[in-house]
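Work through the exercises below with the model open. Each task is followed by a solution in steps.

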Amino acid sequence: MLEAPVVITAALLYLGLLFAVAWWGDRRADQGKSIIANPTIYALSMAVYCTTWTFYGSVGRAAVSGIGFLPVYLGPTLVMALGWFVLLKMIRIVKANRITSIADFISSRYGKSHLLGGLVTVIAVVGIIPYIALQLKAMSSTVSLLLSYPEIVMPGRSATMSVAADMSFYIALILAAFTIVFGTRHLDATERHEGMVAAIALESGVKLVAFLAVGVFVTYGIYNGLGDIFEHVATHPDLRHLVSAIPSGQGYTGWFALIVLSAMALLFLPRQFQVAVVENVNEAHLKRAAWLFPLYLLLINIFVLPIALGGLLHFAGQGVDADTFVLTLPMSQRHEGLTLLVFIGGLSAGTGMVIVETIALSTMVCNDLVMPLLLRHKRQSLEESKDLSGLLLGIRRGAIVAILLLGYLYFRLAGEAYALVAIGLISFSAVAQFAPAMIGGMYWRGGTRGGALAGLAAGFVVWGYTLLLPSFAKSGWLPAAFLTQGMFGIELLRPQQLFGLSGLDEISHCLFWSLFANIGAYVGVSLLRPPMVAEATQATVFVDALKDTGQLGAVLWRGRAKVSDLQGLVGRFLGPARAQAAFAAYARRQGRGKLVTLEADAQLVQFAESLLAGAIGSASARVMVASVAKEEPLSIDEVMHILDEASQLRTYSRELERKSRELTAATLELQEANERLQELDRVKDDIMSSVTHELRTPLTSIRAFSELLRDDPKMHLADRERFLGLIVSEAERLTRLINQTLDLAKIESGRADWNGCELDLKEVVEQSIAATSQLFREKEAQVDVDLPDNLPPILADRDRLIQVMLNLLSNAVKFLAPGTGRVRVGLRALADGLEVSVTDNGPGIRPADQELIFEKFRQVGDTMTAKPSGTGLGLPISRRIVEHFGGRLWVESVPGEGATFRFTLPFAEANVEATVA
Amino acid sequence: MHRRILAGDRLIAAFLVGCALFNYPLLSVFDRHAVIFELPLVYAYVFAAWAFVIGLMAWAVERRVK
Amino acid sequence: MSKRILIADDEQNIVISIEFLLRREGFDVLVAADGEEALASVRAERPDLVLLDVMMPKMNGFDVCQALRADPDLSGTRILMLTAKGRDTEVSKGLGLGADGYMTKPFSTKELLTEVRKLLGM
């Protein structure tokens, strides 16, 4: 029954069914009734991870290395636990920036760089080609196997056949046609393919059912359950090692390396990025997928080892390739229905991978490789063309065919030398090179374009040298000496023991060296210079993706553009009708009837750019938009300023949402404290300025007089003596000022020395009057004293109190009119202390100035005819001294009738604590 | 808000548990010739640990915190 | 005819030194000890140049400068600000108010003479 026409018809019918599902899915999507808005379908679509590698290859791997096939499924399981964070962030970034591929993602992150996008595309294409070859190999060998049914004949070497007779060549062509129909029927700004996702989810279901069916059939049909198989194996010395332990060739290092490698592959394989990130319709779906997808992986792997062992027992010594056990076991039992189901399951695994992978790659090739080149070399004709959507579709279709043919070529060149899984791991190692630039780009602001370029290039070169080239050497396309003796016969350059590193399997070895070079170059080069404007902007957009950045991109754009120009531009790439619809929808969302009016704002420009980004990649979109929009470049300072402001606003609004009343109150307190601090800062600044002013004034006189004396040696003696006298007195003033400033600073900072002891205040006052008697005589002023005896002692520092008294007395005498001046010094007991008063009959002090004179440098000179000759520090110092001993110093005055300075000091008994403190 | 943070922490915990269970040295404890429930020990262990981690993740994201 | 210069400063010793310096160079020198006196003196005596201190009693140098510049009759009077506050904001404030020059205390007598001659077009 399983003749060629039946097999081929079944295959074509199945593909037809898939296409119908896809078509239906697309139609429903256009109607707004998505059939993939379902977390289970999302999880199933992620199972595109399981290709023919899983379906056929795992069994082949298990037949050699026991449970060594498992780590590539454990890695993704672990990643899904973190998917809630990493994938969510990727999805946000992709949605916000209309990113369509990994190349676009990396290029956009590092300042929308064409070069970077191109490099990523090249790495992805070169890296994935072995993987596509793997699918071709698996599919063609299963078709040949099936065609020889009921005999089990291992397919011949493709390399010995002519291309025309090679089945895999036709399979490649059919797949290309099918992918074109699936993926490039029309262009969409978001590059989403709902129909394709629906079909992929269906395929995932089919391959799981088929594989479980074989598993049950082998375990319970051919054998009597798992226990039976393992019992058989236990008696088989050749096979015992497969069920016991981690294979010796791989070891725990290799096991761990595969977990890491597959974890990265799940994030960075172009097809996984496509289904998990680009095609995600609702980020809440991640929750279900977090456990459902790992569960899928577990289910599809449960029977791998039993099938492998069953096959090994069953076909012992018959030379049947273990990679084909899944198919050949039901064949050997003449179970035609199951055989066909397995074939369809394998077809599902292969076509699913090829379709999604080539669509993802063709998008990259078009947006990040061909478009930038066209923009550079054929800018003119691009700008003249009315509708470029046909051209874009053409490029993508061409890319799909080219990628599949390259896959076929690799299969012919190197496919025979490796088992399925080994080929797949070469591709895994290639896409792992994206990890530093991707993860670094999402979590580290410092990564730069140069760093990403250097890292990717270094990793790619090492990968090519340690893994890709050896695969050619093992196939005989390069001399075997390359492997055993190294390049140019240099032992250290042996590709699989690079620099003498041995003891690792080839995958771990490549992974170590390539990521070592990659991360080293990425971080090292990034640290060479600070990010530039475009990089810093994008870094914030990416790193802060989970915060509500809002329209940050739009904020960071300043310029002018016309709506009609923008719409025309978008229309050229997407087709005028789609552009019209998109702009109309935008206008509705913005609550505006029509957009025809005048100039576009930054948001609309951003919108147009993101529409274009979907079709031609973000870097090209930036270039095209720049051609119609007059952009005024922002400087790095402006960008940083805007970013700061934006982040401040964000923080502030979030705080408001969360904060309870107490917290808000605390904030207010903090703000007040801050203001007080700022006020203090300003006062300090004022004082510094005053001090310098006070210092500069005497210095000015000193310098001027000195220069006069120096420049004029023949100056009159009288002038000379007068000037020298002035210099001396100004120098004294300067000294006084410095001493008092230091004194005040000492007192204020609490570092002054106080020698507190019990004092008879009367004695202090008398001593002070005696010390200033010369001043009074000069002004012919009269001093009256009223000092009663036997007053209780007070506790203070004698020298400091004398300083206060001298200050008050000299102040009083300073403002006395010559000849008629009178000063009265009084002392009296109060309830709890003593009060000293110094009264003069000078001009007095205005009420407004009575507090001012106690401030530093606030001489109230403007009430007097001449400026007082003090430093402006005497009263402030005096007040602090008095206050230190628990007293008070103030002034009472009626202008025109003189002034009275009074201070109090508490009795010694009441004052103990104050002085001790 | 709290529910989300808790679910996130649980997922991270599942990740760490998985990292520990799936790798050396815990793995080596079970990496020997032995049979449990008619199954080779290491085979049974890996699948059991795997199922446990998946269960943990399902519990983390699906369970509603009161 | 010798040029007439008004020195407006409340620091007596500074006034003495500048007065001596300028007289020696043959200028006709006037003195004012505060802002109001300076303003009155400019209006009455019409000096060619005013050396204006900033920190003065009654009316500070900035206000005097502003008042002088507000009077169209006095547009020919050059103003050289002298101040002990050398901060940039002070300098630009003075120049913004219409002063023709600015010197920070302490200054060199030579430089002062050079500046004075420059402002007087000598």
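## Exercise 1: A sheet in chain A

Task: State how many bridges join strand β8 to strand β10 of chain A, and in which direction the two strands run.

Solution. In this predicted model, strand β8 (residues 833-840) and strand β10 (residues 899-906) of chain A are joined by 7 bridges and run antiparallel. Take one residue as an example: Thr839(A) has Thr900(A) in β10(A) as its bridge partner. Next, place the pair in its sheet. The sheet is open, has 5 strands and follows the order β5-β7-β8-β10-β9 in chain A, with mixed pairing. The edges are β5 (782-786) and β9 (888-893) of chain A; each has a single partner strand, so one side of each lacks a neighbour in the sheet. From one strand to the next, the twist averages 15°.

Task: Find which strands of chain A helix α36 lies across.

Solution. Helix α36 (residues 874-884) of chain A lies across β9 and β10 of chain A. Its direction is at about 130° to β9(A).

## Exercise 2: Chain A against chain B

Task: Describe the interface of chain A and chain B, from its extent to its polar pairs.

Solution. Start with the contacts: 37 residues of chain A touch 30 residues of chain B. The area buried between the two chains is about 3,200 Å², and carbon and sulfur atoms give 76% of that area.

Then look for charged pairs. The count is 1 salt bridge, formed by Arg288(A) and Glu62(B), whose closest N and O atoms are 3.5 Å apart. That distance falls within the 4 Å cut-off for a salt bridge. There are also 4 residue pairs in polar contact across this interface.

Last, ask what chain A brings. At least two residues each come from α4 (71-97), α9 (226-234), α10 (240-244), α11 (251-268), α13 (285-302) and α14 (304-314) of chain A. Of these, α4(A) gives the most, with 11 residues. By class, the side of chain A that touches chain B has 29 nonpolar, 4 polar and 4 charged residues.

## Exercise 3: Chain C against chain A

Task: Repeat the description for chain C and chain A.

Solution. Here 22 residues of chain C are in contact with 27 residues of chain A. About 2,300 Å² is buried between these chains, with 57% of it on carbon and sulfur atoms. On the chain C side, Asn13(C), Phe20(C) and Pro106(C) lose the most area to chain A, together 23% of what that side buries.

The interface has 2 salt bridges. One of them links Asp712(A) and Arg24(C), with the closest N and O atoms 3.9 Å apart. Polar contact is found for 4 residue pairs. In chain C, α1 (12-24) and α5 are the elements that give two or more residues to this side, and α1(C) has the largest share, 7 residues. The side of chain C divides into 9 nonpolar, 5 polar and 8 charged residues.

## Exercise 4: Two backbone exceptions

Task: Say where Pro106(C) and Arg334(A) are placed, and describe the backbone at each.

Solution. Recall the usual case: most residues other than glycine have a negative phi, and most peptide bonds are trans. The peptide bond from Lys105(C) to Pro106(C) is cis, with omega near -5°. Pro106(C) is in the loop between β5 (101-104) and α5 (109-119) of chain C. Arg334(A), although not a glycine, has a positive phi of about 55°. Its place is the loop between α15 (325-332) and α16 (336-377) of chain A.

How values were computed
Residues are numbered from 1 along each chain as its sequence is written. Chains are lettered from A and ligands numbered from 1 in the order in which they are written. This is a predicted model: local features need pLDDT of at least 70, side-chain atom pairs count only at pLDDT 80 or more; totals for chains, interfaces and linings use all residues. Side-chain values use heavy atoms; hydrogens and water are left out. Contact means heavy atoms within 4.5 Å. Buried area is the accessible area (1.4 Å probe) that two parts lose on being put together, summed over both. A salt bridge is a side-chain nitrogen of Lys or Arg within 4 Å of a carboxyl oxygen of Asp or Glu. A polar contact is a pair of N or O atoms within 3.5 Å; within protein, one must be able to donate a hydrogen and the other to accept it, and residues adjacent in sequence count only if both atoms are side-chain atoms. Helices (H or I, at least four residues) and strands (E, at least two) are DSSP runs, numbered from the N terminus. Ala, Val, Leu, Ile, Met, Phe, Trp, Tyr, Cys and Pro count as nonpolar, Asp, Glu, Lys and Arg as charged, and the others, Gly among them, as polar. Two strands pair if DSSP finds at least two bridges between them. Axes are lines fitted to C-alpha atoms, for helices over the stretch in contact, and angles run from 0 to 180 degrees between N-to-C directions.
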